[in-house]
Amino acid sequence: MFQYDVFLHSHDLFWFITLILFALVLVFLKSGLIKPAKVLQMILRFLYILVFGTGLVLIAMNLWWGSIVKGVLAFWLIYVMEMISTRMSKKELTPWTSFILWIQFFVSFVAVIYFGYFI
Ligand code: HEM
């Protein structure tokens with residue numbers, strides 16, 4: 001379906017940019033570039049909305065359990081990314097919370113890719 005493809009490709013583009021921005025925010029924070037990191041963080045949050053919005057449209061256009069589970073897992077991934085970046089910027093990331101959050105990041109990321117491409 002043409003319309004579905006438009007949303008799917010936009011969704012792909014948005015989540016890809018989201019991951020790159022997330023990595024950049026962490027690199028900037030680690031390098032002590034706090035101001036640029038804050039600006040990127042704002043753009044990152046805007047991209048969460050775009051990813052989420054296109055994701056909701058895709059669910060609405062193709063309503064079945066697989067797309068709903070995919071959406072819930074992706075919501076978890078976005079939540080974890082937000083927790084990692086905000087806690088890092090507030091210097092609230094202890095080694096233990098960092099470990100727990102990164103485990104969640106990798107588990108939810110693999111699950112999202114699996115549900116996105118293989119289910
Ligand atoms: C950073 C977060 C996200 C990532 C990395 C991600 C990744 C993906 C990937 C890789 C696909 C498959 C694309 C393709 O077949 O070309 C996909 C499709 C999809 N995503 Fe996301 N996504 C994210 C967020 C979301 C959110 C928040 C929702 C729901 C609110 C959502 C709902 C969907 C749906 C419904 C599909 C279509 C699945 C299908 O065609 O069976 N995604 N996403």
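Begin by selecting α2, which has 28 residues and reaches 40 Å from its first C-alpha to its last, close to the 40 Å expected at 1.5 Å a residue. The coordinates on screen are those of a predicted model. Within α2, display the side chains of Ala 37, Leu 40, Gln 41, Leu 44, Leu 47, Val 51, Thr 54 and Gly 55; these residues are buried. Against which elements do the buried residues of α2 pack? They pack against α1 and α3.

**The whole chain**

Next, select the entire protein chain and colour it by secondary structure. It contains 4 helices and 0 strands, in the order α-α-α-α along the sequence. The C-alpha trace spans about 45 × 25 × 15 Å along its principal axes. Of the 119 residues, 21% are buried. If contacts are drawn between residues at least 6 apart in sequence, 68% of them join residues at least 24 apart.

**Helix α1 and the residue after it**

Move now to α1, whose 29 residues reach 42 Å from the first C-alpha to the last, close to the 42 Å expected at 1.5 Å a residue. Select His 11, Trp 15, Thr 18, Leu 21, Phe 22, Val 25 and Leu 29, the buried residues of α1. Their packing partners are α2 and α3. Just after α1, select Gly 32, where phi is positive at about 80°.

**The nonpolar core**

Keep Phe 22 selected and show its surroundings. Leaving aside residues up to four places away in sequence, Phe 22 touches Leu 44, Met 81 and Ser 85. Then extend the selection to the largest nonpolar core, which has 17 residues; Leu 21, Phe 22, Val 25, Leu 40, Leu 44, Leu 77 and Met 81 have the most contacts inside it. Two or more residues of this core come from each of α1, α2 and α3. Which element gives the most to this core? It is α3, with 6 residues.

**The ligand shell**

Select the ligand and display the residues around it. There are 24 of them, and the closest are Gly 55, Leu 58, Gly 71, Ala 74 and Gly 116. Gly 55 has already appeared on this tour among the buried residues of α2. Colouring the shell by helix shows that α1 (2-30), α2 (34-61), α3 (65-89) and α4 (95-118) each supply at least two residues. The most come from α3, which gives 8 residues to the shell. Recolour the shell by residue class to find 14 nonpolar, 8 polar and 2 charged residues.

**The annotated spans**

An unreviewed UniProt entry annotates residues 13-34, 46-79 and 99-118 as "transmembrane region". Select residues 13-34: the end C-alpha atoms lie 26 Å apart, and the span is 86% helix and 0% strand. Then select residues 46-79, where the end C-alpha atoms lie 14 Å apart and the span is 91% helix and 0% strand.

**The loop between α3 and α4**

Finish at Lys 91, in the loop between α3 and α4. What is the sign of phi at Lys 91? It is positive, about 55°, although Lys 91 is not a glycine. Is Lys 91 buried or exposed? It is exposed, because 8 other C-beta atoms lie within 10 Å, and a residue with 12 or fewer counts as exposed.

Note on methods: Residues are numbered from 1 along each chain as its sequence is written. This is a predicted model: local features need pLDDT of at least 70, side-chain atom pairs count only at pLDDT 80 or more; totals for chains, interfaces and linings use all residues. UniProt positions are given in the numbering used here, feature names are shortened, and annotations may be inferred rather than shown by experiment. A residue is near a molecule or strand if its C-beta atom, placed from the backbone, lies within 6 Å of it. Ala, Val, Leu, Ile, Met, Phe, Trp, Tyr, Cys and Pro count as nonpolar, Asp, Glu, Lys and Arg as charged, and the others, Gly among them, as polar. A residue is buried if 20 or more other C-beta atoms lie within 10 Å of its own, exposed if 12 or fewer, and partly exposed in between; C-beta atoms are placed from the backbone. Two residues are in contact if their C-beta atoms, placed from the backbone, lie within 7 Å. The expected span of a helix is 1.5 Å times one less than its number of residues. A nonpolar core is a set of buried Ala, Val, Leu, Ile, Met, Phe, Trp, Tyr and Cys residues joined through C-beta atoms within 7 Å.
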